[in-house]
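Me: Please take a close look at one helix-helix contact in this chain. I would like the geometry, the residues involved, and some account of the rest of the fold around that detail.

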Amino acid sequence: MIANNRKRARKPRRSVRSYPHASPYLSVIIPAMNERRTIARVIREAKRIHPNTEVIVVVNGSTDGTKKIVARQRVTLLSYEEPLGHDVGRSIGASAARGKVLLFIDGDMVIPYKQLRPFVQAIASGTDVALNDYSGPTHKRTVHGVILAKHVLNIMLSRPDLRGTSMTAVPHALSRRALDIIQSPNLSIPPLAHAMAVQRGLRVQAVHHVNVGKLNPSRVRNRNGDPLENLIIGDHLETMDWLSHEFGVRGGFTDLTRNREIVR
């Protein structure tokens with residue numbers, strides 16, 4: 001299942017430059033579009049997480065020289081001339097990954113390797129989906145729509161303990177078992193992948209806090225608001241629709257003590 005707003009009318013052209021690793025333990029997947037200011041540092045930190053690591057960078061729609069920088073880094077480069085769409089790079093990178101652990105980060109946020117290791121260690125200890133323990137600010141008078149959507153989805157999944165944590169946010173890591181169950185195409189819709197992981201009995205845990213709110217670059221808003229916010233909220237609505245089809249109109253919840261049969 002892939003969201004319509006992520007489908008492309010024709011298959012984009014891809015070029016591949018690979019530095020194959022004999023048998024990687026960790027695959028680090030990094031989507032990147034116009035990230036020339038940060039991508040080299042992001043890759044450097046990724047390589048330091050584990051001694052047996054392959055780094056996969058999915059460069060798409062870049063016009064600022066990001067591809068040339070990545071090509072010099074001795075990593076696997078999957079390059080597309082056109083933008084793939086938000087989060088599609090995760091699916092493509094996961095499909096190419098060969099590691100037992102998959103770690104997802106972004107090309108525009110330089111996170112020190114010591115802050116990334118806990119996600120890998122959690123998978124090694126038996127967790128299937130290791131989430132960033134970041135729920136976003138909820139103390140404001142007006143809470144961001146994405147934060148609300150993540151909280152609501154976790155309540156629907158009977159996991160209020162996860163609060164606003166989700167596969168929508170990086171860093172997060174998956175076990176190979178989790179990838180086999182979720183399937184890589186569904187990673188392009190992070191809330192859907194998150195819901196599948198919970199509903200299919202995978203061990204999903206918030207394991208380490210990285211304040212990506214401070215690291216995330218500010219986005220340009222237009223008169224219709226933040227287009228990425230609208231996209232992510234739409235992904236959550238699509239996921240809620242999936243839940244209703246999979247588990248009934250109440251998403252698997254009971255009707256509690258309501259006696260609907262006496263209503264006339």
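Reply: What follows describes one helix pair and then the chain that holds the pair. The model is predicted.

The pair consists of helix H7, residues 190-199, and helix H9, residues 227-247. Two packed helices are described by the angle between their axes and the distance between the axes. Here the axes come within 8 Å and cross at roughly 35°. The crossing of H7 with H9 is right-handed.

On the H7 side, the residues in contact are Pro190, Pro191, Leu192, Ala195, Met196 and Gln199. They meet Asp235, His236, Thr239, Trp242, Leu243 and Phe247 of H9. By type, the contact of H7 with H9 is made of eight nonpolar residues, three polar ones and one charged.

As for the setting, the chain has nine helices and eight strands. The eight strands form an open sheet with mixed pairing, in the order E1-E4-E3-E2-E5-E7-E6-E8. Strand E1 (14-17) and strand E8 (204-208) each have a single partner strand, so one side of each lacks a neighbour in the sheet. On average, neighbouring strands of this sheet are turned by 20° against each other, direction ignored. Within the sheet, strand E5 (residues 101-104) runs antiparallel to strand E7 (residues 172-175), and four bridges join them. Val101 stands opposite Ser175 in E7.

Of the 264 residues in the chain, 49% are buried. Among contacts with a separation of 6 or more, 77% are between residues 24 or more positions apart. The chain exposes about 13800 Å², and carbon and sulfur atoms supply 50% of that area.

Notes
Residues numbered from 1 in each chain as written. Predicted model: local features only at pLDDT ≥ 70, side-chain atom pairs only at ≥ 80, totals over all residues. Heavy atoms only, no water. Axes fitted to C-alpha atoms, helices over the stretch in contact; angles between N-to-C directions. Helix = DSSP H or I, 4+ residues; strand = E, 2+ residues; numbered from the N terminus. Left-handed = near helix turned anticlockwise from the far one by under 90°. Contact = heavy atoms within 4.5 Å. Nonpolar A, V, L, I, M, F, W, Y, C, P; charged D, E, K, R; others polar. Buried < 20%, exposed > 50% of the residue type's maximum accessible area, 1.4 Å probe, protein only. Areas by Shrake-Rupley, 256 points an atom, 1.4 Å probe, with all protein chains shown as cover. Pairing = 2+ DSSP bridges.
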